[in-house]
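Ready for a little practice in reading a protein structure? Take a look at the sequence and the model below, then work through the exercises at your own pace.

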Amino acid sequence: MAERGALSLLSLLCLTFLYTASSTAKHVDKGSAAQPFIPFWFTVEPQDTLAIRGNSAMLNCSAHSDAATPARVEWKKDGTFMRLISDERRHILPDGTLVFTHVVHSKHNKPDEGTYQCVATIENHGSISSRTARLSVAGMPRFASQPAPSTVRPGDSQVMACEVNSDLVPFTRWEKDRQSLELSSRLTQLPSGALVIRNASEADAGLYRCLVENVGSSKSSDEAQLQIVPETGEDRKLEFLVQPVSVTKMVGTSVLLPCVVTGFPVPQVRWMLGDKLLQESEGHVEVMGGDSLQISNITEKNAGVYTCIADNSNATIEAQAQLTVQVAPQFVRRPANIYAHESMDIVFECEVSGSPAPTVKWVKNGDAVIPSDYFKIVKEHNLQVLGLVKSDEGFYQCLAENDAGNIQSSAQLIILDHDVALPSFPPPSLTPNTTDHVTPGSGGIAGPAGPTPSAPRDVVASLVSTRFIKLTWRQPAEPHGDDLTYSVFYSTEGISRERVVNTSRPGEMQVTIQNLMPDTKYRFRVVAHNSNGQGETSAALKVATQAEVQVPGPAPNLQAVSNTPTSVSLSWDKPLTGNGEMLTYKLYYTDKSFDSEQDVDSDGQSYTMTGLKKNTEYSFRVVANNQHGPGVSTEDIVVRTLSDVPSAAPQNLTVEVQNSKSIMLRWQPPPLNGQNGEITGYKIRYRKGPRRSEAAETTGGTQLNKLIDGLDRGTEYSFRVSAMTVNGTGPATDWNSAETFESDLDESRVPDQPSSLHVRPLVNSIVVSWTPPENQDIVVRGYSIGYGIGSPHAQTIKVDYKQRYYTIENLDASSHYVITLKAFNNVGEGIPVYESAITRPQSVPDPSPMMPPVGVQASVLSYDTIKVTWADNSLPKNQRITDNRYYTVRWKTNIPANTKVKMANTTSLNYMVTGLKPNTLYEFSVMVTKGRRVSTWSMTAQGTTFETIPSSSPKDVTVVSKENKPRTIIVNWQPPSEANGKITGYIIYYSTDVNAEVHDWVIEPVVGNRLTHQIQDLTLDTTYYFKIQARNSKGMGPMSDAVNFRTPKTESSDKMANDQASNLPSKPGPSGNQQPPDPGTSVGKSGVGSSENHILVIIIIISVGAFTIIVVVVGAFLCTRRTTSHQKK
């Protein structure tokens, strides 16, 4: 029997071992098998096609696949699948190409024209879609304009019109006298189809017509006679026969910008790109026939505003056109194939470039992906899929499109079973331009079979906020290993799609789930992992996030567009966060050149700001308001108002004769507030003597001088200059005249000494007069006068060469001045001549006392800076300071506790006061000092600095428990010392972990200027940490230091008894004799009652103790007797 039992036991052990080995092998095989990605892509995609009515047409499409089942190709027209089973005119070839045996097209029936796309499908795996292609059908030739009889003078230009359908221009040609006309640089065809004849001659006379051929039917225009008429030599006004028009072209194509001008004298044509003169380059930029501009192989650098300038000796005309260059979409990063497990989150990346910026959409198995809570577009174009389920498998495509074209790229998603390991090194992809990717996560790790952990215990939500929940749990009762990791699966109640969050390190038993929705119920379960795999799941925990009661968040999608030079249109969307209806929106705007913020109110989600400065940068931000107060501001966006023609003329125009044939002009740009845009150039107009006819010259935008040469000797010329922007030409300066020299003077050396110098002193001035150098053959461009007390080098004044006297003013009386005079030209200054003079004594003292400054103004520039300006009536009208006077500025706040006055000196008529306190009213006054004379203080000016964010945190933060409610605490605090504005609210942060990230703390908003707040439903016997942050209209201040508070363990029984006793009704006293009890009496009675209760308690305790002792003694005695009697027996 023993041997049989041993054999049976041995057999059982062998069978168990074999089964275990077999199971382990199966597990390893299953864990290591990952389905490979399927190579699947388009080898040929359809292209835009122009078809001819009645002819055949073809759209190519072919797909490659290594799957066992070949790909099936179908076609969509205008987004809808085509039914071609019984179609005799259209069918699909075996390789996927769509064939039209003959194209049908008429005015009311256009079944073939449209947008086509082919879709390739592998059964049980998925589908991919090609790029889209447009099939257009050439229309019947129609002439919108035809050649008309014309005349042209020899050497001039003429245009023969011929305007046909835009798609038929490539099929247009010209005939002269019924003979085909060969085009050249002199005879060119415009993009509209018109013919340009330049530098006409007798050979160009004849009958012209245009023809449209090779589009199924031919059609010719009317014939028109071109006659050559003799040139009369009379001036003819410059005018455009054809002007350039704005056009949009793709990179790599060509464009012709026409510019055909007529007039006499024959004009010269030049082109500018922006403010730069355009230079021809071989094979790229070429001026055709001397006027029209041909650009080949266009690049993005060719985009911009082109100006055609035509001028002759009588006038200048110009025309502008915008060339917009488009770039078809290109992939910077393509989506990658992905392995993942269920419940994971994945991201398909897709980055594209192009101009205009492409729009991107995602397609799964041929169907558009609609964004939802689980399918989101992140980081501009990437597709994020949250909480994967098995049905998410398939082919995903990123489709990018702009006006220049469209492209697509696909990637495959394979979802593995949890007991199949994610490949650590994915196999090389067989799909062109696509990479493979493994989503990191807690996938099932293949390994030897063994016991897995039991379910984690005591899963609780330790912190619940509006948008996050913190979960904690205990280790499983049967961990079967060390260093467990955990996965938390969660889903919205009622939705089967789960998401997963993994702990960050082994042994960690808490996790914070972020980005939840307020006031929403969620379902959570926790699973532990050991080296053998995933264990049992915990019981589901259902938790609801808190309802969100808060001020609005930032308004999304804030956009600003300048419509006119003085207006900007703004729009924004409703804030995504914030309870309650949006009452108003406050729009803040700042002139970037002045940095002073202003605001307006808006009831809607759009506003047009008017009355702005032209060509000026403004920043805008929006704050939404609801019943809880102002919300979070948007980020600032900056927009520049449109440019306009200059509204002011150039400044300080000077005219300097160089010699007998040239004059130099110099000027300064218009004032900044009159430029209204970037100055692209200057137009100089000049005329000779009283003539009305004008000549013109132009310069670049940065050139502030111009040499006008080729002039007549001894002749007076008048000049004026105007500034230009891309919008046009502004007002001109006044005419400024100069006369050329009769003969060319010498300017190779400096002038000689002036022939005489005379001075006449007065009390506060000296009159200086002189005569020019005796040698009149050397150019004199002006005179330099130097003067000073004892030295002539203290002050220097330069005057024009025509001037012969000058009065030096603002001098001191009874003072000895030395004066020098030198003639100068472009070579340098000549030999000086000296004189000295003593100003007369002051016979009568100055009767006018020093008057205080007037017109004091305080302009607030920022939260800590105010600019103080004033005027001084004792100065000349130009308010120029030439003496040694200075000004003292004093300021103080209106705060009674701070009466300290600060002062500063300055020698100018303004002063920038910095280092001020935000949101504080300051008073300013100014006085002037000149020598020993001092004025009284001026009238005061006031200014309140702007608000800024609080620079200190709330003070004296305390936390106390609310009486009789241990789960409720009261937080008290004081406002920040440096509020820097009106406090509009506070935010209380609290957490059980003082080291947690800020976004993991629970937030309690407090609206208004309240200084206390209750927080309810806290966990008993738990330490909480509290911080407070103040908010004003400019934003949030710093947080206070953390204050900790531990909630009570439980509610005490005494307190409960007292609560019950305090709720009993008290007996009323005698009617009519009810008086408030005396405080002293009340305390005394309370003391007596308390002592009686204590005595009663002591008596009860002594009685119970005595009774217990008696019982113990009696019991011991009886036991002793029983033991003794038992021993005797």
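Here are three exercises, each with a worked solution. Keep in mind that this is a predicted model.

**Exercise 1.** Decide whether Thr 906 is buried or exposed, and describe its surroundings.

*Solution.* Start by placing the residue: Thr 906 belongs to strand β77, which covers residues 902-906. Next, look at its relative accessible area, which is 12%. Buried means under 20%, so Thr 906 is buried. Then turn to its side chain, which makes a polar contact with the side chain of Ser 908 at 3.2 Å. Finally, set aside neighbours within four places in sequence: Thr 906 is in contact with Trp 870, Tyr 886, Tyr 887 and Tyr 911.

**Exercise 2.** Find the largest nonpolar core and say which strand gives the most to it.

*Solution.* The largest nonpolar core has 31 residues. Ile 346, Phe 348, Trp 362, Leu 388 and Leu 413 have the most contacts inside it. Now check the strands: β33, β34, β39, β40 and β41 each supply at least two residues of this core. Of these, β41 gives the most, with 5 residues. A second, separate core of 22 residues includes Trp 75, Phe 100, Ile 122 and Val 137.

**Exercise 3.** Describe the second largest pocket and its lining.

*Solution.* Begin with the volume, which is about 1,300 Å³. The pocket is lined by 36 residues, and the closest to its centre are Glu 809, Asn 810, Leu 811, Thr 882 and Asp 883. Strands β69, β70 and β71 each give two or more residues to the lining. Last, sort the lining by type: 14 residues are nonpolar, 14 polar and 8 charged.

Note on methods:
Residues are numbered from 1 along each chain as its sequence is written. This is a predicted model: local features need pLDDT of at least 70, side-chain atom pairs count only at pLDDT 80 or more; totals for chains, interfaces and linings use all residues. Side-chain values use heavy atoms; hydrogens and water are left out. Helices (H or I, at least four residues) and strands (E, at least two) are DSSP runs, numbered from the N terminus. Buried means under 20% relative accessible area, exposed over 50%, partly exposed in between (1.4 Å probe, protein chains only). A polar contact is a pair of N or O atoms within 3.5 Å; within protein, one must be able to donate a hydrogen and the other to accept it, and residues adjacent in sequence count only if both atoms are side-chain atoms. Contact means heavy atoms within 4.5 Å. A nonpolar core is a set of buried Ala, Val, Leu, Ile, Met, Phe, Trp, Tyr and Cys residues joined through side-chain atoms within 4.5 Å. On a 1 Å grid over the protein atoms alone, a cavity is a set of points where a 1.4 Å probe fits but cannot get out, and a pocket is an open set with protein on both sides within 12 Å along at least five of seven lines; lining residues have an atom within 4 Å of a point. Grid points are joined across faces, edges and corners, and a volume is the space filled by probe spheres set on the points. Ala, Val, Leu, Ile, Met, Phe, Trp, Tyr, Cys and Pro count as nonpolar, Asp, Glu, Lys and Arg as charged, and the others, Gly among them, as polar.
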